Amino acid sequence: MDAILYVVRTGCSWRQLPTDFPPWQTVYWYLTRWEQDETTQRILDHLREQIRLQQGRNPQPSAGIIDSQSVKAADTVSADSRGYDAGKNINGRKRFIVTDTLGLILVVTVCAASVQDRDGAKTTLLSLYLTTPVRFVLADGGFAGRLVDWATRILATTLHIVRKPKGQKGFILIPRRWPVERTFAWLTAHRRLARDYERDPATSEAMIRWAAINTMTRRLTQGAPSARQQRRTYSQPPA
């Protein structure tokens, strides 16, 4: 786990892991294995419940916030899993996340940046419906239209569109939607997520979950005394 978090936070390539970690092949194997058996998601769910209880909230959220983020893809990303987002002039992938009202991630989906918000949100909302009790989701104007009727008819989920104030110029903090924007800022503070370097979109989703896990554990331990790693000593060879 330390090695995975090291890669996510520092953004180094797998082969550049320090020698005091296990071999990079072992670390990568555990990353993909835990993603396949949903171990990462269970850790994420447990930490989210602990933070919500710490904040005096119910362990399970009742409302969510959905948004997307387009990021550039590195040359390691194949052409069949990347695309061009004409609206943001980005060639890469698009991340869809749903958070609770505290900005804690519920579900995440990664696809090509060429996928429209209304189309990519269907997979994300379906995952939300299958894994959480959330049936009320806030969204921006990019998710308006037929997606609202689809969510109501198919998923029994209310998709409430929060639009920008009329005559807005420049950046304005939109009430009830800022937690998901803050979450994207938390995620991109991890250098591995500044771009998308993963060949498999599932690995990209795993990296996002691990970045969220790192953020949550630090949030849980705020105010606690810091603990430094003990100095390592090595036996000296005989003279």
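This report walks through the enclosed cavities, a few strand pairings and some individual residues of the structure above. The model is a predicted one, so please read each value below as computed from that model.

**The N-terminal stretch**

A good place to begin is the start of the chain. The UniProt record, an unreviewed entry, places the feature "domain: Insertion element IS402-like" at residues 1-43. In the model, this span is 63% helix and 0% strand. Its end C-alpha atoms lie 12 Å apart.

Glu 38 falls inside this stretch of numbering, and its place is in the loop between helix 2 (24-36) and helix 3 (39-54). Its backbone is worth a look, with a positive phi near 65° in a residue other than glycine. Most residues other than glycine have a negative phi. Glu 38 counts as exposed because its relative accessible area is 52%, and the cut-off for exposed is over 50%.

**A second positive phi**

Asn 89 also has a positive phi, near 55°, and is likewise a residue other than glycine. You will find Asn 89 in the loop between strand 2 (83-85) and strand 3 (90-99). With a relative accessibility of 53%, Asn 89 counts as exposed.

**Strands 1, 5 and 6**

Strand 5 (residues 136-139) takes part in two of the pairings described here. Strand 1 (residues 64-72) runs parallel to strand 5, and two bridges join them. Strand 6 (residues 158-161) also pairs with strand 5 in the parallel sense, over four bridges.

Leu 138 helps to trace both pairings. On one side of the story, Leu 138 in strand 5 is the bridge partner of Ile 65. Leu 138 also stands opposite His 160 in strand 6.

**Ala 151 in helix 5**

Is Ala 151 buried or exposed? Ala 151, found in helix 5 (residues 146-155), counts as buried because its relative accessibility is 0%, and buried means under 20%. Leaving aside neighbours within four places in sequence, Ala 151 is in contact with Leu 125, Ala 156, Thr 157 and Leu 159. Val 137 lies 14 residues away along the chain, and its C-alpha atom is separated from that of Ala 151 by 9.8 Å.

**Two cavities**

Rolling a probe the size of a water molecule over the atoms shows where empty space is left. Here the count comes to two cavities of 30 Å³ or more. The table sets out their volumes and the classes of residue in their linings.

| Cavity | Volume | Nonpolar residues | Polar residues | Charged residues |
|---|---|---|---|---|
| Largest | About 50 Å³ | six | three | none |
| Second largest | About 30 Å³ | three | one | five |

Which residues line the largest cavity? They are Gly 103, Leu 104, Ile 105, Thr 183, Trp 186, Leu 187, Ala 212, Thr 215 and Met 216. Helix 6 (178-188) and helix 7 (201-220) each supply at least two residues of this lining. No charged residue is part of the lining of the largest cavity.

The second largest cavity is lined by Arg 95, Arg 192, Leu 193, Arg 195, Asp 196, Tyr 197, Glu 198, Ser 204 and Met 207. Five residues of this lining are charged. Among the residues lining the second largest cavity are Arg 95, Asp 196 and Glu 198, should you want a starting point for finding it in the viewer.

Technical notes. Residues are numbered from 1 along each chain as its sequence is written. This is a predicted model: local features need pLDDT of at least 70, side-chain atom pairs count only at pLDDT 80 or more; totals for chains, interfaces and linings use all residues. Side-chain values use heavy atoms; hydrogens and water are left out. On a 1 Å grid over the protein atoms alone, a cavity is a set of points where a 1.4 Å probe fits but cannot get out, and a pocket is an open set with protein on both sides within 12 Å along at least five of seven lines; lining residues have an atom within 4 Å of a point. Grid points are joined across faces, edges and corners, and a volume is the space filled by probe spheres set on the points. Ala, Val, Leu, Ile, Met, Phe, Trp, Tyr, Cys and Pro count as nonpolar, Asp, Glu, Lys and Arg as charged, and the others, Gly among them, as polar. UniProt positions are given in the numbering used here, feature names are shortened, and annotations may be inferred rather than shown by experiment. Buried means under 20% relative accessible area, exposed over 50%, partly exposed in between (1.4 Å probe, protein chains only). Contact means heavy atoms within 4.5 Å. Two strands pair if DSSP finds at least two bridges between them.
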